[in-house]
Amino acid sequence: MKRLLMHSVAPTLALILALPAAAQDFDLPPDLPGAGDVSVDPQPEPVEAPGALEAAETTPGGPELPPEVAGSELPPDLPGELPPEVEMTEALPEDGVIPEGDISADGEAMLASEERRGMRHGTLELEARAFHNTDINGDSENAFRLSAHYFGTREITDSTSLLFNLRARADTVSGRSFRFEDDFNFDVQELAFSFALGPQTTLQLGRINIRNGVATGYNPTDWFKDDSLVVTGSAAPADRRNERLGVFALTGTTTIGQTLVTAGYRPEIDADLGTGWTDADNYGLQLHRTNPSDAWFLKVTPPTGDNLSLTANAVLIDGDPGFGFELSGGVGDNLVLYTEVMAQKRLSIADEALGTSLGSLGFRDGVGAGAGKDWHYSAAVGMNWALPMQLVGQQDISVTLEYHLNTAGLTGSQIDALAGATGLDGLAAGAIYGVASRRQEPLAEQQVFTRAAWNNIWGDSDLSLLGFYVPHDGSGLAQISYDVPVGQNGKFNLRGMTTFGDDTSIYGANPNKSSIQMGYTFTF
Amino acid sequence: MELDRREFANLLLGGATAVSMGSLGLPAFAANNAATILKKTDAIRNPQRSFAVDVSLINYERGKVKEKTSVTTYSRPTGSQFQTLVHINAPSADRGKILLRNGNNLWLYDPSSKASVRISPRQRLLGNASNGDVVSSNLVGDYNVSLSGSETVAGGDKKNYSCHKLRLTQKASSAPYSAVDFWVDQKSNQPIKGKYYTSSGKLIKVAWYRKLKNAMGATRPTEIIIADGFDPNKVTVMTMGNYRAKDIPSSWFKKEWLPNFKG
C-alpha cells in the first residue's frame, strides 16, 4: 500500500498541484522556479535528474529539468530515502505556495542593491512605549514615551570617522500635563572622533561608551557604568547597556606583538549645574555624572588560543587603583563558561551612602559603615547553555545562570540591619538603596541571576525571562519580555516586571513594584 | 576553469583509486585520499587566503520570503582554519552588528550598546543558516573524513552528478555538526550536497551548492540552498558575490577590537 502511494498517488498529486520538489527527503533541493543556473567552462557534463519533465510541463515559471529525461531511470533508491516522486509530494509546503520570482535573482539583486547603496552609516530607531506602573504602596500611573535613537559611524576621511549615538525622548505621565522643559530630553550618549593611525591602531576622542565584561547580569569590570542610565524602562542588562551615557575620554588601541592593548584617560569635568555641560533642561550633557573624577585605564588582551578569551584590566579612578580580568571558554558547541573579577580600592556602598554622619550609630554599625576605603572584590561567575539539538531540535533556546559576589555590598546580617531601619534610619536606608541603584551593582553581597531565552518560540517571535534573586532575604526581581517582529523593520514588544519579597528586603523595597509595558519599534 | 588540470586529473584518479582500494581493505589510504578530496573542495568553497565576500541570506517559509539578511564576511586563514568576522549590513534592525569567530570563540557585537556577548556555535543568528554556515570554514580542519563510496546525486541545479560520498565526523569542538555526509563531484571536486546530523543521528539540514562562477582564481559555487531537516517548509538561500582579496590583521579577531572595526 505504501509502495502504491509512493509510486502513483503521490506523483499524481505533485502534478495536480504543479509543485516542484522540496526538501523532505532531501534528494533534490527545494524547487526554485525560474532560477537560471550559471555555469562556467569547463564544467563537468551533468546528467539530468529523472522525473523532471512532469514538473517542467506543469510548474509555472518552469523547473530547470529538460524533457528528454522524463520517465527515464529513477535515481537509486538509497537506504532510508524515498524515490523522487514521493519526495516531490511530501516535500510540498502545506499551503502549496512556492517561492515567487527568481530566488537566485533575489539574492543577487540584494547583493547588488547593497553594493550600490554602500554600507549605511546610521541606524534610526523610533519607539513608542506605554507603561502601567504600580508603586510599592499600590498606587498606579500610566505613562507614555516617544523616543528616537540614531546611532552609527560616518566616515569623514579614509582615516577619520565620526561615531554618534543620539537619543531624543519625550515622556508623559497620567495626571500631569506635559512640560517641555522637564519632559523632553536630547541625550548625547556618544559623540566621538575616531582616527585610524594604521590597520591595527586607532585613537578615539569624545564621548564614548567604554564597556567591559563578559557576564550577562552584572559586570564587575565595567568601570564606568556608575550613574550612566538615561532611562530605566527595563531591568534587562542588555536593554540597560543601550540606555547609558558614555564618558568623555581619549582612548587608543593598538597591537603589541599578538597582544591587543587599549589605554585611555577620562578627565574630571567640573562644571556648574544648570549648564549645557551638566543638567540643563532638554539638552544637558550630564558630564558631571559620567566624568565626576579623572581616571586612567588599561586593557590587555593576550593571545590565548582559539577557545579561551582573556582580557586583563587596570584602572586608577581618582587615585584609587583597581585590577580585574574576564575569562571565558567554550565547552563543546553549546556551553560557554565565564568569569569576571575585579578588585578595587573603594568605599563600600553603605559607606558611600552614609558618609560620615547619616544614620544612627547603631544603624551605621549594623550596615558596616565607617570602615573607610578598602579593597573590595566583586565577581560574576556563570554559564550560557544553548539547549542541544537532541532535546530541542532546531529551536534556539538558551539558559544563563550567574552567581554575583560584591563585597562592597551587604552581608546577611547587614541586610537584616537595613531591613530593620526605622525613623530617621529609614532615610539612611533609602540612601543605601539609592547608591546601589545608581552604581548598578548588587546591594547584597551575594545574589543569583538567571535568564532564559527562546527565540522563534512562535513564528519569529522571541520570549525571554530573567530574574535576580537574593538568597538571604528571598527577594528578587523578575521580568518577562515577548518580541514579535512586524515586517522586516518593525517590532512589537510586551514586557512585564515585578519585584518580590518584603517591603524592606533588597528588591522588595524598590519604590516601583511592577510595570507592564507595550512598545513598538521601527528601524530605518 | 582555474582549477589546475593536472591536479584535477590526479584527483580524479586518486578518487577512483580510493574507492576501489577502500573496498580492498585499505581504509588508511582511502582516508588520506578522502582528506585530499575534502581539502580540494575546501579550496573551492573558500579562497585559501584573506578575503572578503558579500553574502545575502533569504529565508523562506512555506514558499514565502520571511526575512532577508545581507552580510559581509571577512576571513583570514590561520592554521587549517579561518578566523572570520561577519558584518551585518541589513536588515536595519541588525545593521552594524558583528559576529566574530576565532575557533570556538564566538562573539556577537552590538554597536548600539558596545556590548560583545559570547555565544556558542549552537546559537543561531540568521535563520536556518547557523553561525557555522555563515562563517568561512575549512571542513578538513573541523572534521575527520572518510570516503564512503560513490553516488550519483542531484545538485543544487537539479542535475545529477557522479560524486564521492564523504563521511565527516566531528574533530574540533567548534565544528557545528556531529557528522556530515558530503558529496563532491568526482570530476571537478566541486561541492554538490551536504547532509548535517546531530550526535544522535538526526538530520539537521541539507545543503545544495550551485551557480558556479569564477572568483578569486577558482570556479566556486556562489549559491547554497539550505533546507531545514526538521521542517522542510523552511529554506534559506545563501548567495555569495563580490569575492575580493583583502589583507586583514589578526588583531581584528579579538573582541576588544570590535568597537574599532571598519570594514
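**View 1. The second largest cavity of the predicted model.** A cavity is a set of points, on a 1 Å grid over the protein atoms alone, where a 1.4 Å probe fits but cannot get out, and its volume is the space filled by probe spheres set on the points. The model is predicted, so local features need pLDDT of at least 70 and side-chain atom pairs count only at pLDDT 80 or more, whereas totals for chains, interfaces and linings use all residues. Residues are numbered from 1 along each chain as its sequence is written, and chains are lettered from A in the order in which they are written. Among seven cavities of 30 Å³ or more, the second largest has a volume of about 270 Å³. Its lining, meaning residues with an atom within 4 Å of a point, comprises 18 residues, of which A:Ile210, A:Arg211, A:Lys299, B:Glu256 and B:Pro259 are the closest to the centre.

**View 2. Strands of chain A at the lining of the second largest cavity.** Strands, which are DSSP runs of E with at least two residues, numbered from the N terminus, contribute here through E6 (201–208), E7 (247–256) and E9 (295–301) of chain A, each of which supplies at least two lining residues.

**View 3. Pairing of strands E12, E13 and E14 in chain A.** Two strands pair if DSSP finds at least two bridges between them; E12 (residues 335–346) and E13 (residues 374–386) run antiparallel and are joined by twelve bridges, with A:Tyr338 having A:Gly382 in E13(A) as its bridge partner. E13(A) also pairs in the antiparallel sense with E14 (residues 396–406), over nine bridges, and A:Ala386 has A:Ser398 in E14(A) as its bridge partner.

Terms used: Heavy atoms only, no water. 1 Å grid on protein atoms, 1.4 Å probe; cavity = no way out; pocket = protein on both sides within 12 Å on 5 of 7 lines; lining within 4 Å. Helix = DSSP H or I, 4+ residues; strand = E, 2+ residues; numbered from the N terminus.
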